[in-house]
Amino acid sequence: MAFTRATGKHRRPSRIQRSTARAAGVAALATTGVVGTVAAPAFAAEPAVEQTGLTPVVTMGDTVAQKIDAQAVAQKQAAEEAAAKKKAEEAARKRAAEAAKEAKEAAEKVREAKERAAREAERKRLNTFVSPISGSYVSTGYKSGGAVWSSGSHTGVDFHASSGTAVHSVGMGEVVEAGWGGSYGNQVVIKMNDGTYTQYGHLSSSSVSVGQKVTPGQQIGLSGATGNVTGPHLHFEARTGPEYGSDIDPVAYLRSHGVNV
């Protein structure tokens, strides 16, 4: 009985064909760079394909897979480390920016507080009244009688002072008169911020001019003995208006503004 040889899809490939196919597959891997430099040493250490069949291909495949896995793990780890570093740097920058912002806001608050305090101190200073002559006292009181005064009584008070003693504005205001005032001698009259007027008479000299703004404690002249006097002193008046005869008690006026006289 004659047997026919199998042909077509039912024909089993020969051993040589199978080995050749496997070798071709490995060569393809090496060509694409997957196997790379590890392929040559692996083949050099293994027996010939014709002697061992599938062994070289399987061994080399496992080695390449391990290398690829190791590289993948290393790359993933490096990427994670880079991402963590970038995140930490961004967080540090954010904290630094927030700290700088907070420091700037704190400095701004301190500056604003200092400015408010300075404005308040200046406001208080400008609203403060002082004695016209520092460390002096009233030597002649208000409404004292005598022939020395043309009105029959004293329209102000006299502060004890030797010639050349500094005379100060008792408060904030504007100079409305500066010069000779008849029996008052050299005088300065100031319209105060509250609408009242103050007069400083018998000065040896004045250091302000009409229209000039003055502040509490500012020197406006020097005491003397000009005009109708018996000796050097400062004549001080407080008035409700600029005219003679509108005088009010100077001591009560100063005390109402916090001056201890």
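In the predicted model, S163 is located in the loop between β2 and β3 (166–168). Although S163 and S223 are 60 residues apart along the chain, their C-alpha atoms are separated by 5.2 Å. Beyond residues up to four places away in sequence, S163 touches S223, G224 and P232.

Strand pairing was examined next. Strand β4 (residues 173–180) pairs with strand β5 (residues 186–192) in the antiparallel sense, over seven bridges. Within this pairing, W180 has N186 of β5 as its bridge partner. The hairpin of β4 and β5 has five residues between the strands, and G182 takes a positive phi near 70 degrees there. Strand β4 also pairs with strand β7 (residues 213–214), in the antiparallel sense and over two bridges. Here the bridge partner of G173 is V214 in β7. The strands β4 and β7 are further joined through side chains, since E174 and K213 meet in a salt bridge with an N to O distance of 3.1 Å. Because E174 lies in strand β4 and K213 in strand β7, this pair ties together parts that are 39 residues apart in sequence. E174 is partly exposed, with a relative accessible area of 30%, whereas K213 is exposed, at 60%.

The salt bridge between E174 and K213 belongs to a set of seven in the structure. In another, D247 and K143 are joined at 3.6 Å, N to O. D247 lies in strand β10 (residues 247–248) and K143 in the loop between β1 and β2, so the pair ties together parts that are 104 residues apart in sequence. With a relative accessibility of 14%, D247 counts as buried; K143, in contrast, is partly exposed, with a relative accessible area of 45%. A salt bridge within a helix is formed by E122 and R125, whose closest N and O atoms are 2.8 Å apart. These two residues are three residues apart in helix α4 and are therefore separated by about one helical turn. Both partners are partly exposed, E122 with a relative accessible area of 34% and R125 at 36% relative accessibility. In addition, a network of salt bridges links E108, R111 and E115.

Backbone geometry was also considered. Most residues other than glycine have a negative phi. K143, which is not a glycine, nevertheless has a positive phi of about 70 degrees. H202 likewise is not a glycine and has a positive phi, of about 65 degrees. The two residues differ in setting: K143 lies in the loop between β1 and β2 and is partly exposed, while H202 is placed in strand β6 and is buried, with a relative accessible area of 5%.

Aromatic contacts were then analysed, and the count comes to three aromatic pairs. The ring centres of F129 and Y253 lie 5.9 Å apart and the planes are at 75 degrees, so this pair is edge-to-face. It links distant parts of the chain, with F129 in the loop between α4 (55–126) and β1 (138–140) and Y253 in helix α5 (residues 250–256), 124 residues apart. Both residues are buried, F129 with a relative accessible area of 11% and Y253 at 5% relative accessibility. The rings of F159 and F236 have centres 6.3 Å apart and planes at 75 degrees, so this pair is also edge-to-face. This pair again links distant parts of the chain: F159 is in strand β2 (residues 157–160) and F236 in strand β9 (residues 233–239), 77 residues apart. F159 is buried, with a relative accessible area of 1%, and F236 is buried at 0%. Ring pairs link F159 and F236, together with Y200, into a cluster.

T198 is connected to residues of these aromatic groups. This residue is found in strand β6 (residues 197–206) and counts as buried, at 1% relative accessibility. The side chain of T198 is joined to that of Y200 by a polar contact of 2.9 Å. Leaving aside neighbours within four places in sequence, T198 is in contact with F236 and Y253, as well as with V170, V188, V189, I190, M192 and E237. T198 thus touches F236, a residue of the F159, Y200 and F236 cluster, and also Y253, the ring partner of F129.

Definitions and conventions: Residues are numbered from 1 along each chain as its sequence is written. This is a predicted model: local features need pLDDT of at least 70, side-chain atom pairs count only at pLDDT 80 or more; totals for chains, interfaces and linings use all residues. Side-chain values use heavy atoms; hydrogens and water are left out. Helices (H or I, at least four residues) and strands (E, at least two) are DSSP runs, numbered from the N terminus. Buried means under 20% relative accessible area, exposed over 50%, partly exposed in between (1.4 Å probe, protein chains only). A polar contact is a pair of N or O atoms within 3.5 Å; within protein, one must be able to donate a hydrogen and the other to accept it, and residues adjacent in sequence count only if both atoms are side-chain atoms. Contact means heavy atoms within 4.5 Å. Rings of Phe, Tyr and Trp (its six-membered ring) pair if their centres lie within 6.5 Å; planes under 30 degrees apart count as stacked, over 60 as edge-to-face and the rest as tilted. Two strands pair if DSSP finds at least two bridges between them. A salt bridge is a side-chain nitrogen of Lys or Arg within 4 Å of a carboxyl oxygen of Asp or Glu.
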